[in-house]
Amino acid sequence: MGSLNQIVNVNIALSTTSVPRGVFGVPMIIAPLTTFTERVRVYLDYNAAQEDNLPADVLKALRAVFSQTPRPQMCKVGRLDVGADGKVVANTLAAQLSAIQAEDANWYGFALTQRTPALQLAAAEWAETQTKMFFTSSAEVAITDASSTTDVLSSLAAKNYLRTAVIVDKHAADQYLEMAWMGRCFTIAPGGETWALKQLSAVEASDWSATEQQTILKKGGNTFERFAPQIYLTTPGKVVSGEWVDVIRFRDWLADTIQTSLSTLMINRNKVPYTDGGIALIVNNLTGCLIEGQRVGGIAPDEIDADGNNVKGFVVTYPRSVDVPFQDKADRILNLAFSARLAGAIHLTNINGNLSYELQ
């Protein structure tokens with residue numbers, strides 16, 4: 001008997017492999033727990049956490065997250081082991097954070113419920129080696145002393161950390177401003193937000209004098225305080241090194257977007273040839289990632305300067321195939337580069353006006 005394969009032989013390959021993207025909008029609470037045995041538990045709302053009979057401090061942190069408008073779709077809780085005294089040992093924190101990440105790496109920012117300076121320093125040191133950010137708060141009185149260099153904020157700033165943000169809070173013993181801050185800002189796509197000028201719900205602001213505020217800001221900290229009657233806002237939205245929180249988050253997102261997008265392209269093709277056409281495939285893919293960066297608000301759009309010239313939001317630099325050095329071709333390595341302008345954000349507007357009977 002004949003077969004239709006003798007007429008039309010069909011073989012369909014699946015080129016549908018997708019490299020998963022990173023997660024940049026899920027907060028994590030890290031706490032010593034005996035309530036559950038797994039390293040990480042996911043909560044979609046505050047009620048589920050109450051039903052689990054979590055400790056009061058963890059419930060406070062979760063309440064701060066889920067009280068924001070808008071709020072994240074989920075918050076995760078990571079379990080720490082404790083010593084005989086019921087406290088977390090600082091020199092074991094890095095290993096325990098790594099164990100939490102090994103079980104579930106799909107989260108981005110984290111905070112501790114126990115906020116001793118030793119633990120805060122250990123958490124910041126660990127975060128610097130990861131694609132994560134550490135948020136914490138402190139009520140340490142010495143922070144507002146301009147002459148102090150040993151308070152926790154000064155100690156963190158001295159390390160020039162890019163992945164730690166501190167919000168100074170007189171009420172830190174009773175609330176988790178850092179979790180409310182993450183809960184509010186993680187609802188916005190990386191690059192589309194600023195961490196300044198945010199109103200936070202279900203948390204109490206601190207009353208700082210102008211001198212105290214400036215001391216906190218000079219040391220690399222942030223505040224949540226009253227700006228006008230019934231208007232309470234965060235400022236300035238920086239990590240302890242002085243960089244903007246949103247810039248660090250967007251950089252992480254962009255690196256992940258480029259890596260996963262290009263990897264998916266190369267995995268799903270039998271070969272990307274080392275020709276002008278093959279190079280164009282990669283350049284177009286990279287360009288698409290940068291356009292997405294413009295769409296979410298992290299990279300500036302093309303704009304016109306005062307002379308009418310078009311100023312690109314980004315430029316990709318790449319070689320022609322025939323100009324690539326022999327050794328690079330032999331090693332099958334392609335070197336590309338791009339330069340992009342950050343969109344940034346406006347936090348302060350200065351307006352100079354003049355009133356007269358004639359326009360000046």
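Which helix holds L62? Select residues 56-66: this is helix α2, and L62 is placed in it. The coordinates come from a predicted model.

**Whole chain**

Before zooming in, show the protein as a cartoon. It displays 10 helices and 12 strands. The C-alpha trace spans about 80 × 75 × 40 Å along the principal axes. Colour by burial next: of the 360 residues, 43% are buried. If you draw a contact map and keep contacts with a separation of 6 or more, 69% of them join residues 24 or more positions apart.

Switch to a surface. About 19,400 Å² is exposed, and 52% of that area is supplied by carbon and sulfur atoms. Colour the charges as well: there are 30 positive and 36 negative ones, and the mean positions of the two sets lie 4 Å apart.

**Stop 1: L62**

Return to L62 in α2. The residue counts as buried because its relative accessibility is 0%, and the cut-off for burial is under 20%. Show the side chains around L62. Setting aside neighbours within four places in sequence, its contacts are I29, Y43, Y46, A49, L54, C75 and V77. Then add P27 to the selection: P27 is 35 residues from L62 along the chain, and their C-alpha atoms are separated by 9.9 Å.

**Stop 2: G109**

Select residues 109-112, which form strand β4, and pick out G109. Is G109 buried or exposed? G109 is buried, because its relative accessibility is 0%. Outside the neighbours within four places in sequence, G109 is in contact with V26, P27, M28, M133, F135, M182 and F186. P27, used as a distance marker for L62, is thus among the contacts of G109.

Now draw a C-alpha to C-alpha distance from G109 to D276. The value is 41 Å, for two residues 167 apart in sequence.

**Stop 3: the largest pocket**

D276 also leads to the last stop, as helix α9 covers 276-296. Which residues lie nearest the centre of the largest pocket? Select M266, V272, Y274, I282 and R332; these lie nearest the centre, out of 18 lining residues. Two elements give two or more residues to the lining: α8 (245-267) and α9 (276-296). Of the elements, α8 gives the most, with 4 residues. The pocket has a volume of about 480 Å³.

Methods
Residues numbered from 1 in each chain as written. Predicted model: local features only at pLDDT ≥ 70, side-chain atom pairs only at ≥ 80, totals over all residues. Heavy atoms only, no water. Buried < 20%, exposed > 50% of the residue type's maximum accessible area, 1.4 Å probe, protein only. Contact = heavy atoms within 4.5 Å. Areas by Shrake-Rupley, 256 points an atom, 1.4 Å probe, with all protein chains shown as cover. Lys, Arg positive; Asp, Glu negative; His and termini not counted. Charge placed at Lys NZ, Arg CZ, Asp CG, Glu CD. 1 Å grid on protein atoms, 1.4 Å probe; cavity = no way out; pocket = protein on both sides within 12 Å on 5 of 7 lines; lining within 4 Å. Points joined across faces, edges and corners; volume = space filled by probe spheres on them.
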